[in-house]
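Visitor: I should like to take a close look at a single part of this structure and then see how other local features are placed. Please begin with one residue and proceed from there.

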Amino acid sequence: MDDLRQKFIDLIAGATDEATLEQVRLSAIGKKGEVALKMRELGRMTPEERQTVGPALNALKDEIASAIAARKAGLEDAALDARLKGEWLDVTLPGRRRGALPGTIHPISQVWEEVTAIFADMGFAVAEGPQIETDWYNFDALNIPDHHPARGEMDTFYMHRTEDDDRPPHVLRTHTSPVQIRSMQQQGAPIRIICPGRVYRADYDQTHTPMFHQVEGLVLDKGTSMANLKWVLEEFFSAYFGTTVKTRFRASHFPFTEPSAEVDIQCSWEGGTVKVGEGDGWLEVLGSGMVHPHVLRAGGVNPDDWQGFAFGMGIDRIAMLKYGIPDLRAFFESDLRWLRHYGFSPLAVPTLHGGV
Ligand code: PHE
């Protein structure tokens, strides 16, 4: 019995995995194991022999069972140790950079916010209107009647209508000026608003895209004049470009303003690059004038009581000038390299105190 005991203790100690250990258990204390065979021999023994051999066999069985259990626990611990060593992870390491870089704010969005911040500081509220307009808001109300040459010059996109459709004709707005009318109808006078937004014209080359951005300005009060217009614009351009910018007003014509002026800003052209606020060159950036009485009336405002100015400026244009972007079309191509180069950090929110 001692030999048997030693044999199994050695086998148990030598088992290095649970499957082998199970084999050892079956051959030792399984139903057909060697201890069971010895138990069967008890029947051929004398009662005296049986009294010593029986308990000894039972003790052997228990001893082997607990040796197996201990070995099994040892193997499990070793396996866990090995896993902990192999799958070790330093949670204090800095995080790995993700594959994609974070997105950037598009220069147009950035300039839109810059423009808004500057005018907000001068007491302007922001108004918006629909991009699909009736031709009444886009043209008639702005003193551009049917067959007026200005309609043809605008390269308007018309919404297709079937013959039995009797709703008023719609266009993609060709400028932000219809928001003047909508704002007057909604809030009357006095008024001091800007309307940034998308506009559409069928045109495409290095300086024209079929969709682009404008910001409209409208100020109505009792004695608002061209002098106020000039001050507001010079104040705006100087804040926007971060340097004193002279403006030049050239007499012009728009159906919705009288008198009308196109406004140029001072710039230099040295070395093939445009620099705003220096030199003796000029660059056209907006149209403006005193709001025409017909336009005031269309907006429900009495021209005998109120007067004021309006202007319309290209957002894309002034974005190109400030940030040295040569081609307008690139704005809308979604080229990731371009977006990363010209885009802004999402945290660089334009503010006046930070300097736009
Ligand atoms: N709507 C004009 C344009 O798109 C600009 C403008 C606006 C001119 C307001 C005068 C007054 O060209």
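In which strand is Pro259 found?

Guide: The model is a predicted one, and the description below should be read accordingly. Pro259 belongs to strand β7, which covers residues 257-268. The peptide bond that connects Glu258 to Pro259 is cis, and its omega is about -5 degrees.

A second cis peptide bond can be set beside that one: the bond from Ala189 to Pro190 is cis, with omega near -5 degrees. Whereas Pro259 is part of a strand, Pro190 is located in the loop between α8 (178-187) and β4 (191-200). A further backbone feature concerns Asp155, a residue that is not a glycine but has a positive phi of about 50 degrees. Asp155 is also a loop residue, placed between α7 (149-153) and β3 (170-172).

From the backbone one may turn to the ligand, which occupies the largest pocket. Three elements each contribute two or more residues to the shell around the ligand, namely β5 (211-221), β9 (281-291) and β10 (307-314). Of these, β10 supplies the largest share of the shell, with three residues. By character, the shell residues comprise four nonpolar, eight polar and two charged. There are 14 residues around the ligand, and those that come nearest are His175, Ser177, Arg201, Gln214 and Gly312.

Three of the polar approaches to the ligand can be described individually. In His175, a polar side-chain atom lies 3.0 Å from a nitrogen atom of the ligand. In Arg201, an N or O atom of the side chain is 3.0 Å from an oxygen atom of the ligand. In Gln214, a polar side-chain atom likewise lies 3.0 Å from a ligand oxygen atom. The ligand taken alone exposes 320 Å², of which the protein buries 90%.

Charged pairs within the protein complete the picture. Side chains of opposite charge can pair when their charged atoms come close. The structure holds 18 salt bridges, one of which joins the side chains of Arg5 and Glu63 at 3.0 Å, N to O. Arg5 lies in helix α1 (residues 2-14) and Glu63 in helix α4 (residues 47-86), so this salt bridge ties together parts of the protein that are 58 residues apart in sequence.

Definitions and conventions. Residues are numbered from 1 along each chain as its sequence is written. This is a predicted model: local features need pLDDT of at least 70, side-chain atom pairs count only at pLDDT 80 or more; totals for chains, interfaces and linings use all residues. Side-chain values use heavy atoms; hydrogens and water are left out. A residue is near a molecule or strand if one of its heavy atoms lies within 4 Å of it. A polar contact is a pair of N or O atoms within 3.5 Å; within protein, one must be able to donate a hydrogen and the other to accept it, and residues adjacent in sequence count only if both atoms are side-chain atoms. Accessible areas come from the Shrake-Rupley method with a 1.4 Å probe; for residues, only the protein chains shown count as cover. On a 1 Å grid over the protein atoms alone, a cavity is a set of points where a 1.4 Å probe fits but cannot get out, and a pocket is an open set with protein on both sides within 12 Å along at least five of seven lines; lining residues have an atom within 4 Å of a point. A molecule sits in a cavity or pocket if more than half of its atoms lie within 2 Å of its grid points. Helices (H or I, at least four residues) and strands (E, at least two) are DSSP runs, numbered from the N terminus. Ala, Val, Leu, Ile, Met, Phe, Trp, Tyr, Cys and Pro count as nonpolar, Asp, Glu, Lys and Arg as charged, and the others, Gly among them, as polar. A salt bridge is a side-chain nitrogen of Lys or Arg within 4 Å of a carboxyl oxygen of Asp or Glu.
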